[in-house]
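This report describes a sheet, two pockets and two loop residues in turn. Please keep the sequence and the structure in view while reading.

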Amino acid sequence: MADNIITSVQNPKVKKLVALQQKSSERRKEGLFVVEGQRELMHCLEAGYEIDSLFICPELCNSSTLQDDASHSMLHASRFIVSQQVYEKIAYRGSTEGMIATVKVKHRSLDSLHFSKNPLLVVLESVEKPGNLGAILRSADAAAADAVIVCDPLTDLYNSNLIRSSIDAAFSVPTVA
């Protein structure tokens with residue numbers, strides 16, 4: 001377990017995580033994105049996403065809030081215990097219960113979407129700001145939209161700000177760019 005303890009912000013895994021948070025080119029290259037917080041991770045797992053690596057700060061983590069199914073799903077992920085100093089470097093928010101994960105991207109196409117008999121689709125063009133797209137995903141989720149289709153996307157569907165602002169709708173609403 002000593003190999004899985006990270007106490008330096010200069011650790012290559014920490015640098016990779018920060019790069020994934022900040023650069024869409026890095027997310028595309030690695031096929032990974034970052035999810036921060038236990039609640040967000042639970043929604044991510046419920047939506048069928050696969051966790052690649054899990055970073056836990058024991059001083060901030062209340063692991064009893066994780067359900068058994070989620071804990072079992074996370075067993076296959078690489079786990080790293082990080083110091084509070086490292087967690088402060090990698091966490092965007094202070095209230096994320098001491099858990100951050102890198103998650104494998106799901107590649108969706110129009111052909112992979114399934115619609116109801118009378119589908120409700122949200123079609124967008126050139127959405128530039130991740131927070132705006134996140135808000136639209138929340139609305140689409142509330143309206144039980146079948147899918148969101150983003151034409152000429154100017155933002156990455158796995159941008160950390162989009163995931164945060166969508167309040168987990170990024171995982172529940174099928175979205176294609």
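Which residues of S2 lie on one side and which on the other, and are they buried or exposed? In this predicted model, Leu32, Val34 and Glu36 lie on one side of strand S2 and Phe33 and Val35 on the other, and all of them are buried, so that both faces of the strand are covered.

## The sheet and strand S2

Strand S2 belongs to an open sheet of 5 strands, in which the order is S1-S4-S3-S5-S2 and the pairing is mixed. The edge strands are S1 (5-6) and S2, each of which pairs on one side only. Strands of a sheet pair through backbone hydrogen bonds, in either a parallel or an antiparallel manner. Here S2 and strand S5 (residues 99-104) run antiparallel and are joined by 5 bridges; Leu32 has Lys104 as its bridge partner in S5, while Val35 stands opposite Ala101 in that strand.

Although S2 is an edge strand, it is largely enclosed by the rest of the structure, because 5 of its 5 residues are buried. In a regular strand the side chains alternate between the two faces of the sheet. The division of S2 into Leu32, Val34 and Glu36 on one side and Phe33 and Val35 on the other can be read in that light.

## Helices on the sheet

Helix H1 (12-22) packs on the sheet, where it touches S1, S2, S3, S4 (78-82) and S5, and its direction makes about 90 degrees with that of S2. Helix H3 (residues 38-46) lies across S2, S3 and S5, and runs at about 130 degrees to S2.

## The largest pocket

The largest pocket has a volume of about 490 Å³. Its lining consists of 23 residues, of which Val105, Asp156, Leu157, Tyr158 and Ala177 are the closest to the centre. Helix H2 (24-30) and strand S8 (175-176) each supply at least two residues of this lining, and H2 gives the most, with 3 residues. By residue class, the lining of the largest pocket divides into 13 nonpolar, 5 polar and 5 charged residues.

## The second largest pocket

For the second largest pocket the volume is about 240 Å³. The residues closest to its centre, out of the 17 that line it, are Gln21, Glu36, Tyr92, Ser160 and Arg164; Glu36 is also one of the buried residues of S2. At least two lining residues come from each of H1, S2 (32-36), helix H5 (84-90) and helix H7 (160-166), and the largest share, 4 residues, comes from H7. The lining of this second pocket divides into 7 nonpolar, 5 polar and 5 charged residues.

## Two loop residues

Asp168 is placed in the loop between H7 and helix H8 (169-172). With a relative accessible area of 5%, Asp168 counts as buried, because that value is under the 20% cut-off. Leaving aside residues up to four places away in sequence, Asp168 touches Arg39, Glu40, His43 and Ile163.

Glu59 has its place in the loop between strand S3 (51-56) and helix H4 (68-74). Its relative accessible area is 54%, and therefore Glu59 is exposed, the cut-off being over 50%. Glu59 nevertheless touches Val82 and Gln84, again not counting residues up to four places away in sequence. Between Glu59 and Gly98 the C-alpha to C-alpha distance is 7.4 Å, although the two are 39 residues apart in sequence.

Terms used. Residues numbered from 1 in each chain as written. Predicted model: local features only at pLDDT ≥ 70, side-chain atom pairs only at ≥ 80, totals over all residues. Heavy atoms only, no water. 1 Å grid on protein atoms, 1.4 Å probe; cavity = no way out; pocket = protein on both sides within 12 Å on 5 of 7 lines; lining within 4 Å. Points joined across faces, edges and corners; volume = space filled by probe spheres on them. Nonpolar A, V, L, I, M, F, W, Y, C, P; charged D, E, K, R; others polar. Buried < 20%, exposed > 50% of the residue type's maximum accessible area, 1.4 Å probe, protein only. Contact = heavy atoms within 4.5 Å. Pairing = 2+ DSSP bridges. Axes fitted to C-alpha atoms, helices over the stretch in contact; angles between N-to-C directions.
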